[in-house]
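Q: Please take a close look at one part of this structure, and explain it carefully for someone who has not seen it before.

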Amino acid sequence: MPNWNMWHGCRKISPGCLNCYVYSMDRAFGKTDSFMVRKNADFTLPLKKNRQGGYKLKPEDGVVYTCITSDFFIEDADCWRQEAWDMIRKRSDLQFCIITKRITQAESRLPDDWGEGYENVALACTVENNAMARLRLPVFRDFPAKHKLIFCAPLLEQVELGEYLEGIEEVSVGGESGLNARPCRWEWIEEMYRVCRDKNVPFTLHQLGSLFVMGGKEYRLPTRKIQHEQAKKAQQLLEKSAN
């Protein structure tokens, strides 16, 4: 699935940001200013065309995940966001997913014609623990959007989602990656899966993280590839146990 990183850089605002992969990625290239937000060269990616005159991004490429190396609603990008909204509106043939930790400041940064939301935009509110769930999800519950997702990543404890699942199209869960990753525990995942199943909300375990704990044993999963592969197996185990 394609990514559209219209700007890069972010500031840490909650416990889930502690081991931010953007900061780690930048450090690997000798950069120490990840907190500074800069407009990217790919800012106009949805409008870029190939040699044949067609758009480079096509509907068949899948959902376009936006701003995964920053936050779409970060205040530093206020001067660029309207142009981003204009491109999203123009490319109504594409489906965009906006993942944010800043849902509490998002409504004032919507376009004038947003109404109840754009049909081609899904908003994903990220929560990593119960404190952030209690802060963000009441706002998200009342937020105007056609499509709503909850991303529990990095999952730092069992998060109580039951009262916030009405109108949610999917809950996606993932552990933390990196050398300093905090543990992700199987029992947290099991309980969240059970709650989502009872509420008829689709549940996806997209990765287990670098440190996974199950049955009292710790498992080190050193690469993203392994984390994703093991998450698929774990998802199958959840579904099998539910039948």
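A: Asparagine 200 sits in the loop between H4 and strand S10 (203-207), where helices (H or I, at least four residues) and strands (E, at least two) are DSSP runs numbered from the N terminus. The model is predicted, so that local features need pLDDT of at least 70 and side-chain atom pairs count only at pLDDT 80 or more, while totals for chains, interfaces and linings use all residues. Residues are numbered from 1 along each chain as its sequence is written, and side-chain values use heavy atoms, with hydrogens and water left out.

Although asparagine 200 is not a glycine, its phi is positive, at about 60°. Asparagine 200 counts as exposed, because its relative accessibility is 70% and exposed means over 50% relative accessible area, against under 20% for buried and partly exposed in between (1.4 Å probe, protein chains only).

Helix H4 (residues 186-198) gives 7 residues, the most of any contributor, to the largest nonpolar core. That core has 63 residues, and those with the most contacts inside it include Ile189, Val171 and Phe203; such a core is a set of buried Ala, Val, Leu, Ile, Met, Phe, Trp, Tyr and Cys residues joined through side-chain atoms within 4.5 Å. Leaving aside neighbours within four places in sequence, valine 171 is in contact (heavy atoms within 4.5 Å) with Cys196, Val201, Pro202, Phe203 and Thr204, among others. In soluble globular proteins, nonpolar side chains tend to be buried together.
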